[in-house]
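Me: Please take me through one part of this protein slowly: the open sheet and the core residues that go with it. I'm in my first year, so explain each term when it comes up.

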Amino acid sequence: MNTLTVKSLISTLLIAVLFATACQPDEFSLGALIDPANLKFSVTQNPDDPNMVILQSMTPGMTPLWQHPLGRSTRLVDTVRLAFPGEYQFTYGVQSAGGYVEAAPVDVSISSFNSSYIEDPLWTLLSGGVNSEKVWVLDLDASGTSKYFKAPLYFAGPDWGWGNECAVEGGNCWTWFPEY
């Protein structure tokens with residue numbers, strides 16, 4: 001037998017094996033879905049600081065998904081700090097082999113204000129700071145005339161100043177003032 005015949009024979013056998021194995025049906029299945037009654041978790045307020053809520057997942061082998069007033073978390077233990085009094089809801093769920101399972105929401109009541117959670121320069125710029133007030137005013141009067149800007153969208157380089165002038169000599173002060 002020459003090499004061409006051997007190669008043709010091997011190729012034919014490989015193609016036959018490929019067709020035989022490719023025709024088997026795919027079998028997909030999920031694992032067991034955990035019973036929501038078997039979810040183990042705790043949502044507790046810190047006794048020294050009732051504005052601090054501690055979330056703890058105790059369901060072994062599952063990926064937690066917390067939904068809380070500040071967003072979502074997949075941590076086994078997480079701390080949520082809520083500065084303002086109010087009624088808050090926390091939901092615990094897990095990703096099990098059979099899919100997502102969620103427990104009944106837990107309500108937490110916070111009656112105190114903790115100003116240390118919002119003492120931040122950004123919060124001061126936006127609100128005036130803790131125990132202060134800042135009033136934001138739209139830059140348009142009743143006739144649609146703007147005091148500072150020529151349009152609601154206003155683009156400028158990083159060195160362009162508040163008074164519509166370049167704040168840095170020789171700085172990056174390009175501007176684009178679209179019509180209103």
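Reply: Let's begin with the whole protein, where buried residues make up 24% of the 180 residues. Here buried means under 20% relative accessible area, exposed means over 50%, and partly exposed lies in between, using a 1.4 Å probe and protein chains only. What you see is a predicted model, in which local features need pLDDT of at least 70 and side-chain atom pairs count only at pLDDT 80 or more, while totals for chains, interfaces and linings use all residues. Residues are numbered from 1 along each chain as its sequence is written, and side-chain values use heavy atoms, leaving out hydrogens and water.

The protein has two helices and ten strands. These are DSSP runs numbered from the N terminus: helices are H or I with at least four residues, and strands are E with at least two. Along the sequence they follow the pattern α-β-β-β-β-β-β-β-β-α-β-β. The radius of gyration is 31 Å, whereas a compact globule of 180 residues would have one near 16 Å. That value is taken over C-alpha atoms, and the globule rule is 2.2 Å times the number of residues to the power 0.38. The C-alpha trace spans about 95 × 55 × 35 Å along its principal axes.

Now to the sheet. It is open, has three strands in the order β1-β2-β5, and pairs them antiparallel. Two strands count as paired if DSSP finds at least two bridges between them. β1 (41-45) and β5 (77-81) are at the edges with a single partner strand each, so each has one side without a neighbour in the sheet. From one strand to the next, the twist averages 15°; axes are lines fitted to C-alpha atoms, for helices over the stretch in contact, and angles run from 0 to 180 degrees between N-to-C directions.

Follow the β1 side of the sheet next. A hairpin of six residues joins β1 to β2, and the antiparallel pair is held by five bridges. Phe-41 has Ser-57 in β2 as its bridge partner, and Thr-44 has Ile-54 in β2. In the loop between these two strands you will find Asn-46. Asn-46 counts as buried because its relative accessibility is 17%. Apart from neighbours within four places in sequence, Asn-46 is in contact with Met-52 and Ile-54, where contact means heavy atoms within 4.5 Å.

On the other side, five bridges join β2 to β5, again antiparallel. Leu-55 has Asp-78 in β5 as its bridge partner, and Val-53 stands opposite Val-80 in β5. Side chains alternate along β5: Asp-78 and Val-80 point to one face and are buried, while Val-77, Thr-79 and Arg-81 point to the other and are not.

Some residues of this region also belong to the largest nonpolar core, in which Leu-39, Val-43, Val-53, Leu-55, Leu-82 and Phe-90 touch the most other members out of 16 residues. A nonpolar core is a set of buried Ala, Val, Leu, Ile, Met, Phe, Trp, Tyr and Cys residues joined through side-chain atoms within 4.5 Å. The elements giving two or more residues to this core are β2 (52-57), β6 (86-96) and β8 (106-110). β6 gives the most, with four residues.

Val-43 is a good place to zoom in. Leaving aside neighbours within four places in sequence, Val-43 is in contact with Val-53, Ile-54, Leu-55, Trp-66, Phe-90, Val-106 and Val-108.

Move next to Val-108, which is found in strand β8. Val-108 counts as buried because its relative accessibility is 6%. With neighbours up to four places away set aside, its contacts include Val-43, Gln-45, Val-53 and Phe-90. Val-108 and Tyr-88 are 20 residues apart in sequence, with their C-alpha atoms 5.2 Å apart in space.

Ile-110 lies in strand β8 too. Ile-110 is buried, with a relative accessible area of 4%. Not counting residues up to four places away in sequence, Ile-110 touches Val-53, Leu-82 and Tyr-88, among others. In contrast, 28 Å separates the C-alpha atoms of Ile-110 and Thr-63, which are 47 residues apart along the chain.
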